[in-house]
Amino acid sequence: MPFDCTAESAHFACSLGLVLRQYARELDWADGGVVELGTGDARAVSEVVAGLPGLAVRSWDVDAASVDEARAVVAEHGVAGQYTVEHGDFFAGSAGSPARTVITNPPYLPAPDGDLQLPGLWGGPDGNALLLRVLEGPWEHVVAAVASYADPVGTLAAAADAGFRVASFLAMPLELGHYSREPKVLARIRELVDAGRGWADEDSYMVAVALLTRSPRIAGDRSAELAGALQLPVPALAAA
Ligand SMILES: C[S@@+](CC[C@H](N)C(=O)[O-])C[C@H]1O[C@@H](n2cnc3c(N)ncnc32)[C@H](O)[C@@H]1O
């Protein structure tokens with residue numbers, strides 16, 4: 001079954017569209033295209049692709065039902081020539097790609113195991129396992145959703161270690177929905193928050209879609225501002 005959270009997908013796509021437009025020259029996505037980890041139903045990103053005729057996105061999803069739905073949605077939007085969807089693991093499929101930019105609203109549910117109502121949303125015990133793997137890759141730019149409850153402290157530290165700076169981001173609060181409220185997910189979220197490794201309150205958490213870059217063509221580092229937007233205590237970040 002495809003991932004279904006309209007607010008989260010719309011925030012991801014809206015932020016992605018803004019970043020791709022604002023940094024078109026620096027990301028140079030018209031040359032080599034971009035790759036995507038986790039297509040879902042492709043609805044939100046299809047609209048971004050439709051609005052950027054020079055953009056080519058090659059996307060992977062491990063969930064067969066998502067891929068079937070995504071291909072239909074891509075065709076409905078008339079962007080099949082620009083947005084290709086493949087069934088399989090992103091890390092295997094994208095190896096050797098000429099793209100320099102990855103886009104992803106990654107699986108980020110923290111839980112002790114992946115036996116969840118939607119197993120494809122499992123992000124490892126701390127929620128950030130797939131994003132950390134992306135940051136270990138060869139990419140020059142990563143446009144990713146970073147969730148305040150999925151060990152963003154560890155994510156920002158790993159990004160800095162890998163030479164990434166935060167060029168820009170758009171943050172918004174999201175309700176703890178049915179995926180986050182699955183009991184073993186919620187329990188793990190509370191543990192991470194209690195350990196000072198994330199933030200969520202009774203009803204909500206923050207998600208920021210950030211442009212992480214290693215390119216000298218993009219100046220500045222907004223890591224501290226991003227940590228603030230994710231409600232992280234600054235000492236927790238400094239100690240990471
Ligand atoms: C949070 S959903 C995002 C879907 C869509 N991009 C959106 O924002 O609506 C994450 C997606 O990643 C997929 N996924 C999980 N692990 C993956 C992997 N290793 N390679 C490719 N896709 C993966 C899941 O099946 C799921 O559809």
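**Figure 1. Asp151, a buried residue with positive phi in a loop of the predicted model.** In this predicted model, Asp151 counts as buried because its relative accessibility is 7%, below the 20% under which a residue is called buried. The residue belongs to the loop between β5 and α7, with β5 covering residues 141-147 and α7 covering residues 152-161. The backbone of Asp151 has a phi near 50°, which is a positive value in a residue other than glycine. The side chain of Asp151 also takes part in a salt bridge, with Arg197 as its partner and an N to O distance of 3.1 Å. That pair links distant parts of the chain, given that Arg197 is placed in the loop between α8 and β7 and that the two residues are 46 residues apart.

**Figure 2. The salt-bridge network that includes Asp126, Arg188 and Arg197.** Side chains of opposite charge can pair when their charged atoms come close. Asp126 meets Arg188 in a salt bridge with an N to O distance of 2.6 Å, a pair that joins distant parts of the chain, with Asp126 in the loop between β4 (101-104) and α6 (129-135) and Arg188 in helix α8, 62 residues apart. Arg188 counts as buried, since its relative accessibility is 17%. Asp126 also forms a salt bridge with Arg197, at 2.7 Å from N to O, and this pair again links distant parts of the chain, from the loop between α8 and β7, where Arg197 lies, to the loop between β4 and α6, where Asp126 lies, with their positions 71 residues apart in sequence. Arg197 counts as partly exposed, at 27% relative accessibility, and the side chain of Arg197 meets that of Asp151 in a further salt bridge. Through shared partners, salt bridges join Asp126, Asp151, Arg188, Glu191 and Arg197 into one network. For the model, the count of salt bridges comes to 12.

**Figure 3. A patch of negative charge on the surface, with Asp203 among its members.** The patch is a gathering of Glu175, Asp201, Glu202 and Asp203 on the surface. Asp203 is placed in the loop between α8 (183-194) and β7 (204-213), and the loop between α8 and β7 is also where Arg197 of the salt-bridge network is found. The view extends to Thr6, a residue in helix α1, which spans residues 6-22. Thr6 counts as exposed, with a relative accessibility of 64%. Although Thr6 and Asp203 are 197 residues apart in sequence, their C-alpha atoms are 17 Å apart in space.

**Figure 4. Two buried residues, Ala147 and Leu109, and their separations from other parts of the chain.** Ala147 lies in strand β5 and is buried, with a relative accessible area of 3%. The C-alpha atoms of Ala147 and Gly127 are separated by 8.6 Å, with the two residues 20 residues apart along the chain. Leu109 is placed in the loop between β4 and α6, and Leu109 is likewise buried, its relative accessible area being 5%. From Leu109 to Trp60 the C-alpha to C-alpha distance is 19 Å, and the two are 49 residues apart in sequence.

**Figure 5. Gln231, a partly exposed residue with positive phi between two helices.** Gln231 is found in the loop between α9 (223-229) and α10 (234-239). Its phi is near 70°, a positive value in a residue other than glycine. At a relative accessibility of 40%, Gln231 counts as partly exposed, whereas Asp151, which likewise has a positive phi, counts as buried.

**Figure 6. The whole chain, as a setting for the close-up views.** The protein chain contains 10 helices and seven strands. Its radius of gyration is 17 Å, close to the 18 Å that the globule rule gives for 240 residues, so the chain is as compact as a globular protein of that length. Taken along the principal axes, the box filled by the C-alpha atoms is roughly 45 × 40 × 30 Å. Of the 240 residues in the protein chain, 50% are buried, among them Asp151, Arg188, Ala147 and Leu109.

Conventions
Residues are numbered from 1 along each chain as its sequence is written. This is a predicted model: local features need pLDDT of at least 70, side-chain atom pairs count only at pLDDT 80 or more; totals for chains, interfaces and linings use all residues. Side-chain values use heavy atoms; hydrogens and water are left out. Patches are made of residues with over 30% relative accessible area and no salt bridge: like charges are joined within 9 Å, nonpolar side chains (Val, Leu, Ile, Met, Phe, Trp, Tyr) within 5 Å. Accessible areas come from the Shrake-Rupley method with a 1.4 Å probe; for residues, only the protein chains shown count as cover. A salt bridge is a side-chain nitrogen of Lys or Arg within 4 Å of a carboxyl oxygen of Asp or Glu. Lys and Arg count as positive and Asp and Glu as negative; His and the chain ends are not counted. The place of a charge is taken as NZ of Lys, CZ of Arg, CG of Asp or CD of Glu. Helices (H or I, at least four residues) and strands (E, at least two) are DSSP runs, numbered from the N terminus. The radius of gyration is taken over C-alpha atoms; the globule rule is 2.2 Å times the number of residues to the power 0.38. Buried means under 20% relative accessible area, exposed over 50%, partly exposed in between (1.4 Å probe, protein chains only).
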